[in-house]
Amino acid sequence: MQKETENIIVLKNVCKAFASVEVLKNINIDIKKGETAVVLGKSGTGKSVILQCIVGLLKPDRGEVNVFGKNIFGLNEDEFLEFRKKTGFLFQSGALYDSMSVRENLEFPLIRHFNLSKSELKERVAKSLDEVGLLSAIDKMPSEVSGGMRKRIGLARTLILAPEILLYDEPTTGLDPATSRDISHLIRKVQKERNITSVVVTHDMECVDITADRIAVLKSGEFVTVGLPEDVKKSEDPYIKSFFIQTNEKY
Amino acid sequence: MNSFNSAKSALYKKIETAGDLMAFSFRYFREAFKPPFEIKEIFKQFYILILKSLPLVSITGLILGLTLALQLKPTLGKFGAESLIPSLLSVSIFREIGPIIISLICAGKMGSAIGAELGSMKVTEQIAAMEVSAVRPFRYLVVSRVTAAIIGVPLLIIYADSLSILGGFIALKLQSDISIPLYISLAFDVLGFGDIVPSLLKTFAFGFTIGIVGSYKGYNCSRGTESVGMAANSAVVLSSLLIILLDMIAVQISSLF
Ligand SMILES: Nc1ncnc2c1ncn2[C@@H]1O[C@H](COP(=O)(O)OP(=O)(O)OP(=O)(O)O)[C@@H](O)[C@H]1O
Ligand SMILES: [Mg+2]
């Protein structure tokens, strides 16, 4: 039995620069088991970079990334693969495999990690696609589906591996309001059912309201606030406020 | 002074690329023999690579033999040495012209295809997506393509060499009356171990070069869609250059025996 308060993702003084531009200056956050942390920040502030550091796609220049209690950059190859198996990542672009059909996209990681019979495989793929409302697209190629559909298929492909950590890079961007809401509820549901630890990067305030246990606001390479949604929303800081009034001003 | 510095940094960059490419090649050998193997993907890539190059390789092979025979005819005819044409043809085709020309064609066809495909997968984060789902993209994408090229290029070359010999026969047949058995015995009797084995060995190296350079350029493609075109282009340039250099080295080595 794991303790309720166990920290699953811990970032300590994480810094990352690209060609002398310091994108992340000093990132610190602890994310507990079963918790959903939402990261807010203007475009280009490095939100995607943070997610990529957590999963080890990018190596920070300084600082530590501890996941499941271990520094991920100290793992050997097998341990690293094990860690990756337990981690799901939804790319901002969906990152579907263009040469494979939607079904093959979902099967691709599944057949490599689990010993499933043909019927089990079929069932899991269908169930996962059904969850995102796209069972009808199962035999399409990625080039034949829309941008929003790609993202939802990417989500299905991420969820199908039943990871313990989920990192979502703008899961609802580019979707209509109704679908966005469905996806946000799906993220919440998955988190509740499987006690998943997640990080959600989003600009969608409804998604924040549905999914967030905690909110971290990123500004010039640092988290200026990390706190409960109700506290962050009450902030008087104009930068932080700007995220929350944006929903009303849009229409 | 400034141009000197920029030349210096360009040189450093070249050296760095060479080092990276070496490391990438070693990684291929490290990963190629470790299970789990992506057998199905190797066959698929083999099939795709062969199929893509087959029309061009066929036409080139045939025409190569045909034109070569036609070119040789007047010169050798002057000395009454027309009967040497088949053997001259087969030796030059098998030893040198077949391997180098077909490899350069494959570098153009396969190298650019591999570079562009892996490059676009890199840019659209598909390679990252494989990595994150713990699938070992290097094995799935690179090992399969390089292995397919190592096997595919020599086969294409042998196939094209045979077509060239056929082309030579057609050329001769059009102008004189030579029988197939005679032509074949003239063409193949001269071929010895030293004509076949070294040139076959170097074609494996050419295949490897095409596969590894294309994969390297695609796999290390930088962000932005324009870099996909650059990856494809530089894959062709670099692999062609390396093939010519390797050929020169291979000729030096095989002349020792
Ligand atoms: N692999 C990389 N190489 C070079 N620069 C990068 C790389 N990844 C990100 N950057 C740079 O880091 C900065 C932050 O990028 P990032 O994608 O994290 O922004 P973001 O906060 O996710 O923005 P958005 O909301 O638009 O997705 C950008 O200036 C980007 O150009
Ligand atoms: Mg982003």
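Okay, to start: which residue of chain A forms a salt bridge with Glu38(B)? It's Arg112(A), and the closest N and O atoms of that pair sit 2.8 Å apart. Keep in mind that what we're looking at is a predicted model.

So let's look at where the two chains meet. In total, three salt bridges link chain A and chain B. There are also six residue pairs in polar contact between these chains, counting pairs with both residues at pLDDT 80 or more. On chain A's side, the elements giving two or more residues are α2 (77-85), β6 (87-90) and α3 (102-113). The top contributor there is α2(A), with five residues. If you sort that side of chain A by class, you get twelve nonpolar, four polar and seven charged residues. Overall, the contact uses 23 residues from chain A and 15 from chain B. About 1700 Å² gets buried between the chains, and carbon and sulfur atoms give 56% of that.

Now, inside chain A. This chain splits into domain 1, which is 1-86 + 163-251, and domain 2, which is 91-160. Their centres, taken over C-alpha atoms, are 24 Å apart. Domain 1 puts 18 residues into the contact, and domain 2 puts in eleven. Here the buried area is about 1300 Å², with 64% from carbon and sulfur atoms.

And how many salt bridges do we count between these two domains of chain A? Zero! What we do find is four residue pairs in polar contact, again with both at pLDDT 80 or more. On the domain 1 side, β7 (165-169) and α6 (177-194) each supply at least two residues, and α6(A) gives the most, with six.

How values were computed: Residues numbered from 1 in each chain as written. Chains lettered and ligands numbered in written order. Predicted model: local features only at pLDDT ≥ 70, side-chain atom pairs only at ≥ 80, totals over all residues. Heavy atoms only, no water. Contact = heavy atoms within 4.5 Å. Buried area = accessible area lost by both parts, 1.4 Å probe. Salt bridge = Lys/Arg side-chain N within 4 Å of Asp/Glu carboxyl O. Polar contact = N/O pair within 3.5 Å; in protein donor to acceptor, adjacent residues only side chain to side chain. Helix = DSSP H or I, 4+ residues; strand = E, 2+ residues; numbered from the N terminus. Nonpolar A, V, L, I, M, F, W, Y, C, P; charged D, E, K, R; others polar. Domains from an automatic or database assignment.
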